[in-house]
Amino acid sequence: MKTLQYLTAALITSTLLGCSQPLLSVKPHIQNGQSEVYEDGQKIVISQKLTTVITSINNQTIQKGERVSVAVAIINSSEHPVTLLTENISAYDANGSKLEIPSSQELKESVRAKDKWKRVGLALQEIAAGGNDTTTTHHQGNIGGTYYRGTTTTTDSTKSSEELREIRQARAINNANTVAAMNAVENSLLKNQTLAPNETYNGIVWITPPQLKGVPPSFSLEIVLAGETHNFKFTQTLLTK
């Protein structure tokens, strides 16, 4: 049982500490025809044509390999309805190669995968707590020339029941939080949407940025709307190794 408890503690520790990865800074850069404003120190880039697209980075500091979350607001400043299609949202590296924009299902799987070790740790704690109420004592001796061996088992059900109740409650809360996080991801993503004149629509686009190899690479987000292309450029800078 102690081995199981040590394994549980190790899993929880690794979950809390996580894997040490280099930190990167991701910054937007305005291009010709674009403008910028700031809100609470956050740079917001505006691309205004017949339609207007506005972007801002949600996570300006990321770990290497982590996806970038870009908040997007679309304003139909034309006089006719326009339709946003997710197939017209793309991301590219500096060489023009396409980058991954993960689907809703892929993002939800990522949320669940991040929660994996916490769920395993809680499950192991529950197993360990289930055995904490039982103590087995081995004894042997000689009475009147007769040798004997035996075991005595004692049970502390109060302690075990309390531990199990707390762990199961923690598991239930953790599962609820995971479901809520997956639903939040689903609800926040940009989807196919038709906008009436002067209507605004907003959501999130997640991008898997290019990996650092020597010079910090740039990447771009491209949104085609009503025949117009809105292109947003971002750069990565290594903060820690």
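Here are three short exercises, with worked solutions, on a predicted model.

**Exercise 1. Backbone angles in two loops**

Work out where Asp40 lies and whether it is buried or exposed.

Solution. Start with the location: Asp40 sits in the loop joining strand E2 (34-39) to strand E3 (42-48). Next, look at the backbone: phi of Asp40 is positive, about 55°, although the residue is not a glycine. For context, most residues other than glycine have a negative phi. Finally, turn to the surface: exposed means over 50% relative accessible area, and Asp40 counts as exposed because its relative accessibility is 80%.

Now take Asn198 through the same steps. Asn198 is placed in the loop between strand E11 (193-195) and strand E12 (200-207). Its phi is near 70°, a positive value in a residue other than glycine. With 64% relative accessibility, Asn198 therefore counts as exposed.

**Exercise 2. A residue in a strand**

Find the strand that holds Tyr38, then find how far Tyr38 is from Ser56 in space.

Solution. Tyr38 belongs to strand E2. Tyr38 has a relative accessible area of 52%, so it is exposed. Along the sequence, Tyr38 and Ser56 are 18 residues apart; in space, their C-alpha atoms are 9.8 Å apart.

**Exercise 3. The cavity**

Search the whole structure for cavities of 30 Å³ or more and describe the lining of the largest cavity.

Solution. The search gives one cavity of that size. The volume of the largest cavity is about 30 Å³. Ten residues line the largest cavity, and Leu24, Gly65, Pro210, Gln211 and Gln236 are those nearest its centre. Sorted by character, the lining has five nonpolar, three polar and two charged residues.

Technical notes. Residues numbered from 1 in each chain as written. Predicted model: local features only at pLDDT ≥ 70, side-chain atom pairs only at ≥ 80, totals over all residues. Heavy atoms only, no water. Helix = DSSP H or I, 4+ residues; strand = E, 2+ residues; numbered from the N terminus. Buried < 20%, exposed > 50% of the residue type's maximum accessible area, 1.4 Å probe, protein only. 1 Å grid on protein atoms, 1.4 Å probe; cavity = no way out; pocket = protein on both sides within 12 Å on 5 of 7 lines; lining within 4 Å. Points joined across faces, edges and corners; volume = space filled by probe spheres on them. Nonpolar A, V, L, I, M, F, W, Y, C, P; charged D, E, K, R; others polar.
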